[in-house]
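Colleague: I'd like to learn how to read a model like this one. Could you walk me through it?

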Amino acid sequence: EERARGFGGGGWSFSEYMEHKRAGLDEQYAARVVVETSALAGCVVHVDGATSTPKDSLAELVQRHGGRYAQYPETGMTHFVVNVLPISKVRAMSKKRHLGSSFHIVTEAWITESAAAATRLHEAKYSPAEMR
């Protein structure tokens, strides 16, 4: 469907554009991964900031264990992964949580250790130091 005007030149609103982009990224990630376990089934994971494991590898781990990797924070996100959490981001995340978005804020170790154990580990142990 071709549209003459709008965001990105396709006549879409910003939200339509992002929905289309997310769907394309989901397809792209899903096409290259074989699901091994359902350890992270139902988890929608976004990785933010610097990580010691490359983000593509984390995304692949999430998907290999039945979860979905979100390139961008989104409604329905269940896990926000960050190793270092600046106080400004803590405040922003706390505000989003109070506005009805419910998600866990964890370090990348939650992904790697859950994958290694082939089970979803309890998130409380994996809170960033700034939140303890």
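Modeller: Sure, let's begin with two paired strands: β1 (residues 44–47) and β3 (residues 79–81) run parallel and are joined by 3 bridges. Strands pair if DSSP finds at least two bridges between them; strands (E, at least two residues) and helices (H or I, at least four) are DSSP runs, numbered from the N terminus. Across this pairing, Val47 stands opposite Val81 in β3.

Modeller: A word on the source: this is a predicted model, where local features need pLDDT of at least 70, side-chain atom pairs count only at pLDDT 80 or more, and totals for chains, interfaces and linings use all residues. Residues are numbered from 1 along each chain as its sequence is written, and side-chain values use heavy atoms, with hydrogens and water left out.

Colleague: What is the strand order in the open sheet?

Modeller: The order is β2-β1-β3-β4, with parallel pairing. At the edges sit β2 (68–69) and β4 (104–106), each pairing on one side only.

Colleague: How do I read an aromatic pair?

Modeller: You describe two aromatic rings by the distance of their centres and the angle of their planes. Rings of Phe, Tyr and Trp (its six-membered ring) pair if their centres lie within 6.5 Å; planes under 30 degrees apart are stacked, over 60 edge-to-face, the rest tilted. Here there is 1 such pair: Phe80 and Phe103, tilted, at 6.4 Å centre to centre with 45° between the planes. Phe80 lies in strand β3 and Phe103 in the loop between α3 (87–98) and β4, so the pair ties together parts 23 residues apart in sequence.

Colleague: Is Phe80 buried or exposed?

Modeller: Phe80 is buried, at 1% relative accessibility. Buried means under 20% relative accessible area, exposed over 50%, partly exposed in between (1.4 Å probe, protein chains only). Phe103, at 6%, counts as buried too.
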